[in-house]
Amino acid sequence: MRAGLAALGAAWVPAGWAQPEAPAWLRAGVPGATLVGQGRLTFFGLKVYDARLWAAPGFDAVRFEQQPFALALSYLRGLKGALIAERSLKEMRPLPGFDARRETAWASRMTELFPDVGDGDTLVGLHLPGVGARFVLNGQVRGQVD
């Protein structure tokens with residue numbers, strides 16, 4: 001995931017594209033949030049989601065865990081929430097500070113928070129250093145993992 005965040009953080013918004021404004025609820029968690037990168041995940045040619053990384057000015061992907069940011073995934077197909085939680089844990093395991101002793105509790109909480117999604121749904125994870133992660137589906141808070 002660190003490499004993924006670094007790649008997304010290094011992405012660019014093409015010249016001539018309007019810089020979208022972060023929604024107010026996102027700016028409350030990430031003051032000064034601007035779009036710092038975006039990309040599309042495809043799997044064997046199937047479009048899965050469009051990703052946008054929102055962060056405060058000066059965001060450093062190498063120190064991502066020390067800064068607030070939001071990763072918004074706009075789904076382009078239906079996926080089961082339990083599979084999203086499972087994949088999220090797989091991506092988290094190699095990160096610094098991952099606590100394998102808490103994995104079962106995190107898996108349970110993420111399975112509760114991550115709904116089944118369909119084409120057009122947007123799930124946002126807000127990383128709040130020292131607090132945890134808040135999850136928002138289509139602009140509505142679903143809950144938080146401390």
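**Exercise 1. Work out which way helix α3 faces in this predicted model.**

Start on the open side: Leu83 and Glu86 of α3 are exposed, and they sit on the other side of the helix from its buried residues. Next, list those buried residues: Gly81, Ile84, Ala85 and Leu89. They span an arc of only 135° around the axis, so they share the same side of α3. That fits the usual helix geometry: with 3.6 residues a turn, residues three or four places apart point the same way. Now look at what the buried side meets: it packs against β3 and α4.

**Exercise 2. Check the length of α3 against what its 12 residues should span.**

Take 1.5 Å a residue; because the expected span is 1.5 Å times one less than the number of residues, the 12 residues of α3 should cover 16 Å. Then compare the ends: the end C-alpha atoms of α3 are 16 Å apart, so the two agree.

**Exercise 3. Find the residues that touch the most other members of the largest nonpolar core.**

This core has 18 residues, and the ones to pick out are Tyr75, Met110, Phe114, Phe135 and Val145. Now ask where the core gets its residues: β3 (69-75), α3 (81-92), α4 (103-113) and β5 (132-137) each supply at least two. Zoom in on Tyr75: leaving aside residues up to four places away in sequence, its contacts include Val48, Tyr49, Ile84, Val117 and Leu123. Don't stop there, though: a separate core of 12 residues has Leu26, Trp54, Ala72 and Leu126 among its members.

**Exercise 4. Is Thr104 buried or exposed?**

First place it: Thr104 lies in helix α4. Its relative accessible area is 66%, and the cut-off for exposed is over 50%, so Thr104 is exposed. For a distance to check on screen, go from Thr104 to Leu89: 15 residues apart in sequence, 9.8 Å apart C-alpha to C-alpha.

**Exercise 5. Compare the settings of Phe44 and Asn138, each with phi near 50°.**

Most residues other than glycine have a negative phi, so a positive value deserves a look. Phe44 is in the loop between β1 (34-43) and β2 (46-55), while Asn138 is in the loop between β5 and β6 (140-145). At 77% relative accessibility Phe44 is exposed; Asn138, at 41%, is partly exposed.

**Exercise 6. Decide where the confidence is lowest and highest among the elements.**

Begin with the whole chain: the mean pLDDT is 86, and 87% of the residues score at least 70. By element, α1 (residues 2-10) has the lowest mean, 43, and β3 the highest, 96. Finally, the pLDDT is below 50 over residues 1-15, a stretch with 30 contacts in the model beyond near neighbours in sequence.

How values were computed
Residues numbered from 1 in each chain as written. Predicted model: local features only at pLDDT ≥ 70, side-chain atom pairs only at ≥ 80, totals over all residues. Heavy atoms only, no water. Core = buried A, V, L, I, M, F, W, Y, C linked by side-chain atoms within 4.5 Å. Buried < 20%, exposed > 50% of the residue type's maximum accessible area, 1.4 Å probe, protein only. Helix = DSSP H or I, 4+ residues; strand = E, 2+ residues; numbered from the N terminus. Contact = heavy atoms within 4.5 Å. pLDDT = per-residue confidence, 0-100. Arc of directions from axis to C-beta.
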